[in-house]
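Student: I would like to take a close look at a single part of this structure, and then to follow how the rest is arranged around it. Could you guide me slowly through it?

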Amino acid sequence: MKKIHILKENREYNRIIQSYRPIRHKSYILYVERNTNDLYKFGFSVGKKIGNAVVRNKIKRQLKNILDKKDYSNNFNCIIIVTKGIISKDFSQREKELWEALAFAGIKGEWDEKEYKEIVCTLLFTFNLNGM
């Protein structure tokens with residue numbers, strides 16, 4: 001992931017978290033800000049409860065790797081906060097849940113048609129089970 005697509009400043013994190021409602025999905029909490037810039041940016045937050053610095057950095061590298069696989073439409077900032085449930089999941093589960101969370105948040109990348117349909121079906125099935 002290029003540095004231009006990463007949120008870095010503390011004031012940006014604080015502004016987005018205080019101004020927007022969280023979107024919770026399984027092991028992730030997302031805050032999405034729509035803007036008029038010609039860029040998209042992602043920010044990551046992995047708390048100390050997840051593990052030591054090696055584990056936290058590994059998770060952040062994996063998230064960046066997952067996000068690099070797609071191209072996104074511009075005009076948004078997204079903060080991804082990782083919850084404790086991610087520890088017990090392997091890479092493929094983390095990837096699938098992150099795609100579901102991004103689709104749920106309305107962030108569209110260049111999805112493969114089949115992949116997008118699977119994600120949407122999974123989300124609809126989850127809502128029907130939970131009675132939403």
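Student: Is Lys26 buried, partly exposed or exposed, and what is its relative accessible area?

Tutor: Please keep in mind that we are looking at a predicted model. Lys26 has a relative accessible area of 48%, and because buried means under 20% and exposed means over 50%, it counts as partly exposed. This residue is found in the loop between β1 and β2, and its backbone deserves attention too, for the phi of Lys26 is near 50 degrees, a positive value in a residue other than glycine. Most residues other than glycine have a negative phi.

To place that loop, it helps to step back to the whole chain. The secondary structure comes to 4 helices and 4 strands, and from the N terminus on the elements run α-β-β-β-α-β-α-α. Of the 132 residues in the chain, 38% are buried. When we take the contacts between residues at least 6 apart in sequence, 76% of them join residues at least 24 apart.

On the other side of β1 is the loop that connects α1 (10-19) with β1 (23-25), and Tyr20 lies there. Tyr20 is partly exposed as well, with a relative accessible area of 31%. Leaving out residues up to four places away in sequence, Tyr20 touches Tyr31, Val32, Glu33 and Arg34. Its C-alpha atom is separated by 9.7 Å from that of Leu30, a residue 10 places away along the chain.

From here we can turn to the interior. In soluble globular proteins, nonpolar side chains tend to be buried together. The largest nonpolar core of this model has 24 residues, and those with the most contacts inside it are Tyr28, Phe42, Tyr72, Cys78, Ile80 and Leu102. At least two residues of this core are supplied by each of β2 (28-34), β3 (40-46), α2, β4 (76-82) and α3, and the largest share, 5 residues, comes from α3. Apart from this core lies another, of 6 residues, among them Leu7, Ile16, Ile29 and Tyr31. Cys78 can serve as an example of how a core residue is surrounded: not counting neighbours within four places in sequence, Cys78 is in contact with residues including Leu30, Val32, Phe42, Leu102 and Ile107.

Since α3 has come up, let us see how this helix meets α2. Two packed helices are described by the angle between their axes and the distance between the axes. Helix α2 (residues 53-68) and helix α3 (residues 91-105) pack at an angle of about 60 degrees, and their axes are 10 Å apart; the two helices are therefore oblique to each other. The crossing in which α2 passes α3 is right-handed. On the α2 side the residues that meet the partner helix are Ile59, Gln62, Leu63, Asn65, Ile66 and Leu67, while on the α3 side they are Phe91, Arg94, Glu95, Leu98, Trp99 and Leu102. Sorted by class, this contact has 8 nonpolar, 2 polar and 2 charged residues.

Finally, we can follow the chain into the loop between α3 and α4 (113-130), where Gly106 lies. With a relative accessibility of 33%, Gly106 counts as partly exposed. Gly106 and Val32 are 74 residues apart in sequence, yet their C-alpha atoms are 8.9 Å apart in space. Val32 is thus a useful residue to find on the model, because it has now appeared beside Tyr20, among the contacts of Cys78 and in this pairing with Gly106.

Note on methods:
Residues are numbered from 1 along each chain as its sequence is written. This is a predicted model: local features need pLDDT of at least 70, side-chain atom pairs count only at pLDDT 80 or more; totals for chains, interfaces and linings use all residues. Side-chain values use heavy atoms; hydrogens and water are left out. Axes are lines fitted to C-alpha atoms, for helices over the stretch in contact, and angles run from 0 to 180 degrees between N-to-C directions. Angles under 35 degrees count as roughly parallel, over 145 as roughly antiparallel, 65 to 115 as roughly perpendicular and the rest as oblique. A crossing is left-handed if the near helix is turned anticlockwise from the far one by less than a right angle, and right-handed if clockwise. Contact means heavy atoms within 4.5 Å. Ala, Val, Leu, Ile, Met, Phe, Trp, Tyr, Cys and Pro count as nonpolar, Asp, Glu, Lys and Arg as charged, and the others, Gly among them, as polar. Buried means under 20% relative accessible area, exposed over 50%, partly exposed in between (1.4 Å probe, protein chains only). A nonpolar core is a set of buried Ala, Val, Leu, Ile, Met, Phe, Trp, Tyr and Cys residues joined through side-chain atoms within 4.5 Å.
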